[in-house]
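Student: Could you take me through one part of this model closely, the main nonpolar core and the parts of the fold that build it? I'd like one connected story rather than a list.

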Amino acid sequence: MIADMQNAGLQPWILSGYRSYSAQAISWEKWNREEPERAAILSARPGHSEHQLGTTLDFGSPELAEIVGIEDIEFHTYFYQTSEGIWLAENAHRYGFTLSYPRGAQELTGFFYEPWHYRYVGEKWLPSCTIQAPT
Ligand SMILES: [Zn+2]
């Protein structure tokens, strides 16, 4: 999938992949320290992150900082507006990846919209899935 993205002229960054229990604990503690009110919808408790499965990736884009207007920003819901975010929303399912936390699905998923977070579930499970890019 990465090779196909690069062949399409994109520059997908992988910001996060596998995380150990202790790495997730550090992330969870950081979110609880910085945003205690929203930590539960922004980060998974240690032992509950899809990143601990080793099948989940967080993607970044070189376009994000300009779109958001914040230098060096890595994660923002505006990722869906980047060329990499648009390509992933339209094509990731062809490679067996699915967006874990779509927009408007917080009641189902328990997490805020994360257009950068894709989990590999296998192509056979997503035969006719089409994930629409938010407009
Ligand atoms: Zn993630």
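Tutor: Here is a walk from the overall fold to the core, with a stop at one buried loop residue at the end. Keep in mind that this is a predicted model. Its confidence looks like this: the mean pLDDT of the protein chain is 92, and 92% of its residues reach 70 or more. By element, helix α1 comes out highest, with a mean of 98, while α3 (residues 39-42) is lowest, at 86.

Let's set the scene first. The protein chain has six helices and four strands, and reading from the N terminus they go α-β-α-α-β-α-α-β-α-β. Along the principal axes, the C-alpha atoms fill a box of roughly 40 × 35 × 25 Å. The radius of gyration is 15 Å, which agrees with the value near 14 Å for a compact globule of 135 residues. Of those 135 residues, 22% count as buried. As for how the chain folds back on itself, take contacts between residues at least 6 apart in sequence: 60% of them join residues at least 24 apart.

Now the sheet. The four strands make an open sheet in the order β1-β2-β4-β3, with antiparallel pairing. β1 (13-16) and β3 sit at the edges, each pairing on one side only. From one strand to the next, the twist averages 40°. Look at β4 in particular. Three bridges tie β4 to β3, antiparallel, and here Phe 97 has Tyr 120 as its bridge partner, while Thr 98 is matched with Arg 119. β4 also pairs with β2, again antiparallel and over three bridges; on that side Leu 57 stands opposite Tyr 118.

Tyr 118 is a good way into the core itself. The largest nonpolar core has 14 residues, and Tyr 118 is listed with Phe 59, Phe 79, Leu 88 and Ala 92 as having the most contacts inside it. The elements that give two or more residues to this core are β2 (56-60), α5 (83-91) and β3 (97-99). Helix α5 supplies the largest share, three residues. In general terms, nonpolar side chains tend to be buried together in soluble globular proteins.

So zoom in on α5. Its buried residues are Glu 84, Gly 85, Trp 87, Leu 88 and Ala 89. These buried residues pack against α1 (2-7), β2 and β4 (117-120). Leu 88 shows the link to the sheet at residue level: leaving out residues up to four places away in sequence, Leu 88 touches Phe 59 and Tyr 118.

One last stop, away from the helices and strands. Ser 43 is in the loop between α3 and β2. Why does Ser 43 count as buried? Because 20 other C-beta atoms lie within 10 Å of Ser 43, and 20 or more is what the cut-off asks for. Setting aside neighbours within four places in sequence, Ser 43 is in contact with Ser 27, Trp 28 and Trp 31. There's a long-range feature here too: the C-alpha atoms of Ser 43 and Phe 112 are separated by 9.1 Å, although the two residues are 69 apart along the chain.

Key:
Residues are numbered from 1 along each chain as its sequence is written. This is a predicted model: local features need pLDDT of at least 70, side-chain atom pairs count only at pLDDT 80 or more; totals for chains, interfaces and linings use all residues. A nonpolar core is a set of buried Ala, Val, Leu, Ile, Met, Phe, Trp, Tyr and Cys residues joined through C-beta atoms within 7 Å. A residue is buried if 20 or more other C-beta atoms lie within 10 Å of its own, exposed if 12 or fewer, and partly exposed in between; C-beta atoms are placed from the backbone. Two residues are in contact if their C-beta atoms, placed from the backbone, lie within 7 Å. The radius of gyration is taken over C-alpha atoms; the globule rule is 2.2 Å times the number of residues to the power 0.38. Two strands pair if DSSP finds at least two bridges between them. Axes are lines fitted to C-alpha atoms, for helices over the stretch in contact, and angles run from 0 to 180 degrees between N-to-C directions. pLDDT is the predictor's confidence in each residue, from 0 to 100.
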